[in-house]
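Visitor: I should like to learn how to read the surface and the hollow spaces of a protein model. Where should one begin?

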Amino acid sequence: MNDWTCALMNKSSVAVAFIHVDFQKAFDSVCHNKLFCKLKTMGFDGNLLKWMENFFCGRWQRTRVGNYFSEPVSIISGIIQGSCIGPLLFLLYIHCVTTIIDNKIICVLFADNIKLYAVIKCHSDLNNLQNSLDRILDWSNKHQLPISVRKCSCIVLGNISVDNVHYSIGKQPVNIVSEVCDLGVIVDPAVKFNSHINYIVAKANTRTSLIHKCFLSHNPKVMLRAFKVYVRPILEYATSVWSPYFNCAIDKIESVQRKFTKMLKGCKYMDYPARLIRLLSKLRRLRKPTADLILT
């Protein structure tokens, strides 16, 4: 986000491509021989490497329906789902994707998400991103990790016309979207997060209504604790990234807590600051500096 906002402040645009590996198939299609070869090049050797080979090889599986079992089938690929070491080995298996990307393209990974972005200053910058997409497609085919193109998308941040932006993975075009949900945060071309704020406020208001309907006890302490557990995380998730600086947006977020406290027993006719003093609750906007300091 820092890279994107700096680029926009410098009057440049940013093209961001979100690549989604089909994680379910990816777990099952990891080639054992390629995995062990990659681990060996990383320095795994001796008994440790032999232990991993023994852990993955020679396994069988069968399906149970009621009291009936299918015939056993040998497992010739994939990592062990549900194991502690499985996700770690998967990350080691895919980490090399960052080395094949053009130097002008930034590549970041999280689980099955690959995110590429480039600062657009000229037409060649657009081509660099397409070249990187082509390289990722070749890499995914070699590593037997299929890309779910229908889940992939691209967003253009800044003033560049989206009519000039066309990307594809193989022969399938990548959707150019006006908004994208990036790890739970809705990003818009202006990077103002208005859509994200509207979404979380609506979700939080729905959650507060459910609390009032479902909790038999309307004791203010119990209700306030439910609010902190079930509602506040919605409003404060990744707040260091999207937290607004316009008063209208800040007041919109604060309205969730304002409405909730007004519905508590004995607080209906009290003004908002008095309700907070009685409930010993901090203003949400005063919690933001704490989150920023923790991140820093």
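Guide: Let us begin with a term: strands are DSSP runs of at least two residues, numbered from the N terminus. Please note also that this model is predicted.

Visitor: Where is leucine 183 found?

Guide: Leucine 183 sits in the loop that joins strand S12 (180-182) to strand S13 (185-187).

Visitor: Is leucine 183 buried or exposed, or does it fall in between?

Guide: A residue is partly exposed when its relative accessible area lies between the cut-offs of 20% and 50%. Leucine 183 has 39% relative accessibility, so it counts as partly exposed. Together with Phe110 and Tyr237, Leu183 forms a nonpolar patch on the surface, and the accessible area of the three is about 310 Å².

Visitor: Which residues lie nearest the centre of the second largest pocket?

Guide: Leu183 appears here again, with Met1, Lys115, Asp182 and Val241, in a lining of 15 residues. H1, S7, S13 and H10 each give two or more residues to this lining. By class, the lining divides into 11 nonpolar, 1 polar and 3 charged residues. The volume of this pocket is about 300 Å³.

Visitor: How many cavities of 30 Å³ or more does the structure hold?

Guide: A cavity is a space where a probe fits but cannot get out, whereas a pocket is open. The structure holds 2 such cavities, and the largest has a volume of about 60 Å³. Among the 10 residues lining the largest cavity, Val21, Phe90, Ile94, Ala111 and Ile114 are the closest to its centre. Helix H5 (85-94) and strand S7 (113-120) each supply at least two of the lining residues.

Terms used. Residues are numbered from 1 along each chain as its sequence is written. This is a predicted model: local features need pLDDT of at least 70, side-chain atom pairs count only at pLDDT 80 or more; totals for chains, interfaces and linings use all residues. Side-chain values use heavy atoms; hydrogens and water are left out. Patches are made of residues with over 30% relative accessible area and no salt bridge: like charges are joined within 9 Å, nonpolar side chains (Val, Leu, Ile, Met, Phe, Trp, Tyr) within 5 Å. Accessible areas come from the Shrake-Rupley method with a 1.4 Å probe; for residues, only the protein chains shown count as cover. A salt bridge is a side-chain nitrogen of Lys or Arg within 4 Å of a carboxyl oxygen of Asp or Glu. Helices (H or I, at least four residues) and strands (E, at least two) are DSSP runs, numbered from the N terminus. Buried means under 20% relative accessible area, exposed over 50%, partly exposed in between (1.4 Å probe, protein chains only). On a 1 Å grid over the protein atoms alone, a cavity is a set of points where a 1.4 Å probe fits but cannot get out, and a pocket is an open set with protein on both sides within 12 Å along at least five of seven lines; lining residues have an atom within 4 Å of a point. Grid points are joined across faces, edges and corners, and a volume is the space filled by probe spheres set on the points. Ala, Val, Leu, Ile, Met, Phe, Trp, Tyr, Cys and Pro count as nonpolar, Asp, Glu, Lys and Arg as charged, and the others, Gly among them, as polar.
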